Amino acid sequence: MKAFALPRSGEPPAMIERPVPEPGAGQVLVRTTAALICAWDGHLAAGAPGGLGHEAVGVVEAVGPGVCPSYAGRRVGVEGHGRLAEFFRAPAAGAGLVALPDTITDHQALYAAGALPTGLAAAEAAGPPPGGSVVVFGQGAVGLSATMAATRLRGARVIAVEPEMKRQRLALRFGADVVVDPAYEDTAERILELTGGAGADRAIMATASPAAAAAARAGLAETGKITYARCRPPRSSGARLARALRLIDEGLVDPTVITTHEFPFHRVDEAFTRLAAGELGMIKPVVLFPGPARDVSKEPRP
């Protein structure tokens, strides 16, 4: 099988050949149908542990010992590292795998396996008071998800901070009350102005920018709190995926509008390189995998 991974420590990621893994006890083998790439994959390539890709959907091809045979053939959403491959193994239960209902598309399910629950977790950890103000710094996939959660699920007034125009527009679409452009405004001063001089009740950091961190501290109320949106929240589980899927299924959010680019799997290196370079206008690229090979020997002949 083909996998986009690190050939050796210190080498750049590349498309390599690997044997199809065998599912072990309590595991399933998943044939990947689609995956997302995010900035965290760039950190992994820079030396952090784990394989590339952590948001994927696919179909269970085989099950290991101790797993109910009925798992085979199920569409599943999966989080966890090493998903940019034609096949991968995953625990059958309790570690970020959930069966997908027919009402959820692969494209929608991808966001339930990463960005959406991460944004939800950040908004919940921030815990804004009813009607309180929240500043969300950075409007990538996680920041946009946090913006949506803070407004629609927490009832907060959201100030989004983002310099890129496409992301600014999406922030408003996801419920932000106002967008501050740090390229043209003093962010802290603008936050204080928008909060009547009191400062924001909460700040959510969905960017690692030092300037954003400084503005968050300067624009925060005395009793305010800063929360950092982590790409891999603790206690990651299938419950997080299932909750995000329910929000999508109920029509409360359509995360697919975050997808800006689409690539076939054989061009995954291009997608990775362009995202890592911070290409203007690129937020989330989706990678589509080829379907299973046809066994023509078993097909009826005319």
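What follows is a walk through the overall make-up, the helix packing, the nonpolar cores and a few single residues of this chain.

The model is a predicted one. Its chain runs to 302 residues, and 50% of them are buried. Nine helices and 14 strands are found along the chain. Taking just the contacts between residues at least 6 apart in sequence, 66% link residues that are at least 24 apart.

Helix packing comes next. Two packed helices are described by the angle between their axes and by the distance between those axes. For H3 and H4, the axes come within 7 Å and cross at roughly 50°. An angle of that kind falls outside the ranges for parallel, antiparallel and perpendicular, so H3 and H4 count as oblique to each other. The crossing of H3 past H4 is right-handed. On the H3 side, the contact is built from Ala115, Leu116, Thr118, Gly119, Leu120 and Ala123, while H4 brings in Ala141, Val142, Ser145, Ala146, Met148, Ala149, Ala150 and Leu153. Sorted by class, the residues in this contact come out as 11 nonpolar, three polar and no charged.

H4 also meets H5. Helix H4 covers residues 141–153 and helix H5 covers residues 165–173; their axes come within 9 Å and cross at roughly 25°. Angles under 35 degrees count as roughly parallel, and that makes H4 roughly parallel to H5. Here too there is a right-handed crossing as H4 passes H5. The residues that meet are Leu144, Thr147 and Arg152 from H4, with Arg167, Leu170, Ala171 and Arg173 from H5. By class, the contact of H4 with H5 holds three nonpolar, one polar and three charged residues.

Now for the nonpolar cores. The largest nonpolar core has 44 residues, and the members touching the most other members are Leu116, Phe174, Ile204, Leu245, Val253 and Ile258. Several elements give two or more residues to this core: strand E3 (27–36), helix H2 (106–112), helix H3 (115–126), strand E8 (133–137), H4, strand E9 (157–161), H5 and helix H8 (238–249). Of these, H4 gives the most, with seven residues. Leu116 shows what such a core position looks like up close: setting aside residues up to four places away in sequence, Leu116 touches Tyr111, Ser145, Met148, Ala244, Ile248 and Val253. There is also a second, separate core of 26 residues, with Ala35, Tyr71, Val78 and Ala90 among its members.

Some single residues round out the picture. Ala125 lies in helix H3. Its relative accessible area is 42%, so Ala125 is partly exposed. Between Ala125 and Lys225 there are 10.0 Å from C-alpha to C-alpha, although the two are 100 residues apart in sequence. Once residues up to four places away in sequence are left out, Ala125 touches Lys225 and Thr227.

Ala198 sits in the loop between helix H6 (187–194) and strand E11 (200–205). The C-alpha atoms of Ala198 and Ala221 are 5.7 Å apart, and the pair is separated by 23 residues along the chain. Beyond its neighbours within four places in sequence, Ala198 is in contact with Leu192 and Ala221.

Finally, there is Lys2, which belongs to strand E1 (residues 2–5). With 37% relative accessibility, Lys2 counts as partly exposed. Val20 is 18 residues away from Lys2 along the chain, and their C-alpha atoms are separated by 8.9 Å. Not counting neighbours within four places in sequence, the contacts of Lys2 are Met15, Ile16, Glu17, Ala85, Glu86 and Phe265.

Notes:
Residues numbered from 1 in each chain as written. Predicted model: local features only at pLDDT ≥ 70, side-chain atom pairs only at ≥ 80, totals over all residues. Heavy atoms only, no water. Axes fitted to C-alpha atoms, helices over the stretch in contact; angles between N-to-C directions. Helix = DSSP H or I, 4+ residues; strand = E, 2+ residues; numbered from the N terminus. Parallel < 35°, antiparallel > 145°, perpendicular 65-115°, else oblique. Left-handed = near helix turned anticlockwise from the far one by under 90°. Contact = heavy atoms within 4.5 Å. Nonpolar A, V, L, I, M, F, W, Y, C, P; charged D, E, K, R; others polar. Core = buried A, V, L, I, M, F, W, Y, C linked by side-chain atoms within 4.5 Å. Buried < 20%, exposed > 50% of the residue type's maximum accessible area, 1.4 Å probe, protein only.
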